[in-house]
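I opened my notebook today to look up a few pieces of one protein. Come and read along with me.

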Amino acid sequence: MVRITEELIRKKAEHNERLISTLEEVSLHQEDIEVIEHIGNWCRDLKILLLQSNLIGRLENLHKLKRLEYLNCAVNNIERIENLEGCESLKKLDLTLNFIGQVTSVESLKGNINLRELLLIGNPCVDYPNYRDYVIATLPQLESLDSVEVTPSERLQACRELVANRANMVQCQANQAIERDEQRIRVADQQRALAQHCASIEDEEERIKAFWQAKSEHCPEIRTEIARQHRLGRERHEPKSKETVPKRPRHLFAPCGRPYNLNQAKLRFNFQDEPDHYLLHLEIYRHLDTSLIDVDVEPFYARVTVKKKIFQIAYNDEVKPGETLVQRSQATGHLVVTLRKLMVNEVLLSAKKSQSQSPSDKVEPVARDTGEIELRGVVDIKNICPPPDLPDLI
């Protein structure tokens, strides 16, 4: 049996950003639902509820839907109208192709003063003599019955004959109830015999063929059994899902304790190594709430957690976690982390100074009296290049 779950309703509420508390319309048709439940507690603002083509046997748990205007329960297993008194705003009720034989149950709709359309086409009660006149007189608020407009003269005539028609309806529905009880017994015997016959057949294809070729009656029990067979058939033909391979656990550190570089969120970033600090520029989503971001700075690595996804980067020089500056742009949402180094990198500092010097400021090597050349100034290591005729490594 398919149950109405919160996940099912959220799936059908994609047009409302999967929010169910403010949902005004939901379609749960063709889901093989057998019981109406939870909707009245989760979706109090519903105006349109579509439950057609299911296996619902009873109208229930709808009394809290005070704003419901349209209820469609066509093609189900409903045998009487009940439990709709609380739906004060109900304007249209569709019960086409059900098994309603107790036509006097329409009297429960007298309190639904906003009801304008009622559809009972395809139910046993439609075949009762003067059925239409009885319903029109019982429900004076109706403007249309079975998609046919109710005229004032027709209603006036029906009201005159209401007492006689009601007595006739009671007799007809009593006869139909007897036939329905006999049908239940008859169908139960047929299902037992068919189950025994199918159990004696070893070949699965022949067993399925025997079920679908067997004669059956139109009743709720048969509709439920047919739906079950359809469900089994879909399960047989659906490809079996491959066994999910467990994901390899993410390790943040090597066995020796060295931190790994990790980018689970696959964020674009830029990491700059300056003489006295590191600069991490992380391109975080612009509209992401800052409360979902966590920054953890350690002496030899920094970790940024974005919606439970970890970004971790390691660096060579030790930093001062207490002097870390974390900033986020209000325009782009990007995160900038400034990591102050414990010791200034003299090599990078010298390279920066040499780049900032003009050509006239550079000092040429001076030869001493001993014949040795003394170097003055700073060597720019970036200008050291291999000779052009150096062969490739093999």
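**Strand 12 and its neighbours**

I began with a facing pair: Val-297 stands opposite Ala-302 in strand 12. I noted early that this is a predicted model, where local features need pLDDT of at least 70 and side-chain atom pairs count only at pLDDT 80 or more, while totals for chains, interfaces and linings use all residues. Residues are numbered from 1 along each chain as its sequence is written, and side-chain values use heavy atoms, with hydrogens and water left out.

I looked up the terms: helices (H or I, at least four residues) and strands (E, at least two) are DSSP runs, numbered from the N terminus. Two strands pair if DSSP finds at least two bridges between them.

I found 6 bridges between strand 11 (residues 293-298) and strand 12, which run antiparallel. A hairpin of 2 residues links them.

I then turned to the other partner, strand 13 (residues 309-314), which also runs antiparallel to strand 12 and is joined to it by 6 bridges. Here Ala-302 stands opposite Ile-313. This hairpin has 2 residues between its strands, and Lys-307 in the turn has a positive phi of about 50 degrees.

Is strand 12 buried or exposed? I read that 6 of the 6 residues of strand 12 (residues 301-306) are buried (under 20% relative accessible area, 1.4 Å probe, protein chains only), so strand 12 is largely enclosed by the rest of the structure. Tyr-301, Arg-303 and Thr-305 point one way, and Ala-302, Val-304 and Val-306 the other.

**Helix 3**

I saw that 7 of the 8 residues of helix 3 (residues 131-138) are buried, so helix 3 is largely enclosed too. Among the buried ones are Tyr-131 and Arg-132.

Notes. Buried means under 20% relative accessible area, exposed over 50%, partly exposed in between (1.4 Å probe, protein chains only).
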